[in-house]
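Thanks for coming, everyone. Please bring the sequence and the model up on your screens, and we will walk through them together.

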Amino acid sequence: MVPIADQLVDWAALGKVVVASLVAGIGVTAAFSFAVLGTTRSLEMRRARRSVEASAFAVLGALAAAVCVGAVVVGIIVMSSK
Amino acid sequence: MGSDVVFVIVVVTALAFDFTNGFHDTATAVATSISTRAMSPRLAVTMAALLNFAGAFISLKVAATVGSGIVESSAVTPTIVFAGLIGAIAWNLITWYFGLPSSSSHALIGGLVGSVIAATGTGNVIADGLVGKVIIPALIAPVLAFLVAAIGILVVYRVVAALRPGPVTGGFKLGQIASGGLLALAHGTNDAQKTMGVITLALIAHGDIAPNNFHVPEWVVISAASAIALGTYSGGWRIIRTVGSRIIKMDSAQGFSAQGAGAAVILAASHYGYPLSTTHVISGGVMGAGAAKRLSAVRWGVAGNIVGAWLLTIPAAGLMGALTYGITRIFGTGAAGPLVVSIALLLAIVAVFARRLQQGPALTAEA
């Protein structure tokens with residue numbers, strides 16, 4: 001049974017699909033959460049006149065947003081590179 | 001002359017299938033955005049249609065899988081392709097009637113396999129293509145999307161736990177516009193190619209392309225892209241309502257997680273040439289995003305109906321494809337059979353739409 005399954009299914013390629021999906025899906029969701037966190041906290045700190053914390057959260061938000069934009073770009077490259 | 005008429009009928013039927021594919025799968029890209037009010041229904045559908053159109057031009061790898069990896073292209077005749085398409089369209093319409101987000105891709109593959117078996121026996125079905133490229137990924141993909149969305153939403157809730165709900169909801173609504181757009185692009189890339197693959201099969205059967213020289217002509221790409229975009233723009237509101245609000249009542253973070261998981265799985269699979277069901281993936285993502293928050297948040301009865309439709313799709317479309325082939329052959333090998341079946345299907349579609357119109361609009365304000 002196993003050898004037949006091995007003949008029919010490219011498990012290595014499927015494994016790569018699983019790993020890529022987990023890393024990209026969870027990674028992008030997490031990165032976007034940090035973008036929301038950074039942006040929201042940065043605005044709150046600015047209103048409280050705590051400029052150092054505001055800047056730190058702004059940097060966090062910007063970096064996380066950059067990761068998300070990068071992921072979208074990679075996604076489009078993946079689609080078009082065939 | 002007769003074969004030319006059959007070929008034209010096949011191309012028109014393939015484009016009609018592509019239209020139903022877009023119509024049936026609009027929910028894939030827009031349901032969660034509409035449900036969380038990230039976008040208005042009309043704007044979401046317009047954006048999805050435009051990105052579906054653009055996505056169809058991006059890649060041709062899945063077209064090659066459908067056109068040359070599921071059945072032996074040298075054994076295919078235009079009538080076989082026609083019967084497979086009718087099987088797929090019929091199953092798409094049945095599942096649309098019941099608001100079930102089943103897979104148009106599997107309907108197409110099932111229909112094609114059924115008509116090939118009816119015409120030539122099982123010898124011309126490429127088993128490793130069907131099992132390795134379709135059935136196994138079909139089992140893995142929704143579970144994978146479920147897991148990715150479930151873990152993703154748990155991470156989201158942990159990161160934004162201390163924030164006020166207003167900015168979080170607003171932020172994720174913005175994110176949903178981007179993730180929904182990416183999903184629509186991926187859907188166009190993935191699904192429009194299946195019709196391209198089928199039309200190319202018909203071109204091979206008609207003798208316009210050599211079986212060992214599989215390539216998709218430009219006019220096929222443009223017409224398939226246009227048909228799926230028009231179908232998407234028409235909006236399959238019944239399925240949008242099922243995916244957007246009947247599986248779970250979702251917030252914008254859950255919508256984003258489901259769409260992000262869906263896009264990640266579809267793009268990863270598309271990269272390796274798997275003709276994945278975008279519908280299965282997004283439905284799995286929606287269930288995962290709901291179940292991770294609270295198991296009872298998912299309406300498991302609705303989810304069960306959806307999974308039942310998934311399991312039935314390939315055999316049911318296959319049976320319809322085989323039956324259609326049998327009916328077509330009653331009228332001989334010429335154009336009469338496809339013509340009679342096409343007219344019968346058109347009449348059935350008109351009857352179904354008339355019945356649905358009598359029952360009123362399917363989309364409510366909440367959907």
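Read along the sequence, chain A goes α-α-α. That comes to three helices and zero strands. A word on terms: helices (H or I, at least four residues) and strands (E, at least two) are DSSP runs, numbered from the N terminus.

Some ground rules. This is a predicted model, where local features need pLDDT of at least 70, side-chain atom pairs count only at pLDDT 80 or more, and totals for chains, interfaces and linings use all residues. Residues are numbered from 1 along each chain as its sequence is written, while chains are lettered from A and ligands numbered from 1 in the order in which they are written.

How confident is the predictor in chain A? The pLDDT (the predictor's confidence in each residue, from 0 to 100) averages 87 in chain A, and 88% of the residues score at least 70. Among the elements of chain A, helix H2, residues 11-47, has the highest mean, at 92. Helix H1, residues 2-8, has the lowest, at 60. Where pLDDT is low, the predicted coordinates should not be read in detail.

Now burial. A residue is buried if 20 or more other C-beta atoms lie within 10 Å of its own, exposed if 12 or fewer, and partly exposed in between; C-beta atoms are placed from the backbone. Of the 82 residues of chain A, 33% are buried.

On to chain B. Here the secondary structure comes to 13 helices and zero strands. Buried residues make up 63% of the 367 residues in chain B. The C-alpha trace of chain B spans about 70 × 45 × 35 Å along its principal axes.

What radius of gyration does chain B have? It is 20 Å, and a compact globule with 367 residues would come near 21 Å, which agrees. That radius is taken over C-alpha atoms, and the globule rule is 2.2 Å times the number of residues to the power 0.38.

Next, contacts. Two residues are in contact if their C-beta atoms, placed from the backbone, lie within 7 Å. Take the contacts in chain B with a separation of 6 or more: residues 24 or more positions apart account for 90% of them.

Where do the two chains meet? The contact takes 42 residues from chain B and 31 residues from chain A. On the chain B side, the elements that give two or more residues are helix H6 (127-159), helix H7 (165-206) and helix H10 (252-271). H6(B) gives the most, with 14 residues. That side of chain B divides into 30 nonpolar, ten polar and two charged residues. For the classes: Ala, Val, Leu, Ile, Met, Phe, Trp, Tyr, Cys and Pro count as nonpolar, Asp, Glu, Lys and Arg as charged, and the others, Gly among them, as polar.

Let us stay with H10(B). All the way along, 20 of its 20 residues are buried, so H10(B) is largely enclosed by the rest of the structure. From first C-alpha to last, H10(B) reaches 28 Å, close to the 28 Å expected at 1.5 Å a residue. The expected span is 1.5 Å times one less than the number of residues. Just after H10(B), B:Gly273 takes a positive phi of about 80°.

Then the core. A nonpolar core is a set of buried Ala, Val, Leu, Ile, Met, Phe, Trp, Tyr and Cys residues joined through C-beta atoms within 7 Å. The largest has 136 residues, and B:Val81, B:Ala202 and B:Val265 touch the most other members. Not counting residues up to four places away in sequence, B:Val265 touches partners including A:Ser21, A:Gly25 and B:Leu144.

Two leucines next, starting with B:Leu185 in helix H7 of chain B. B:Leu185 is buried because 27 other C-beta atoms lie within 10 Å. Beyond four places in sequence, B:Leu185 is in contact with A:Met79, B:Leu51, B:Ala54 and B:Gly55. B:Leu203 also lies in H7(B). B:Leu203 and B:Val10 are 193 residues apart in sequence, yet 9.8 Å apart in space, C-alpha to C-alpha.

One last stop: is B:Arg294 buried or exposed? B:Arg294 is exposed, with 9 other C-beta atoms within 10 Å. Look for B:Arg294 in the loop between helix H11 (278-293) and helix H12 (300-330) of chain B.
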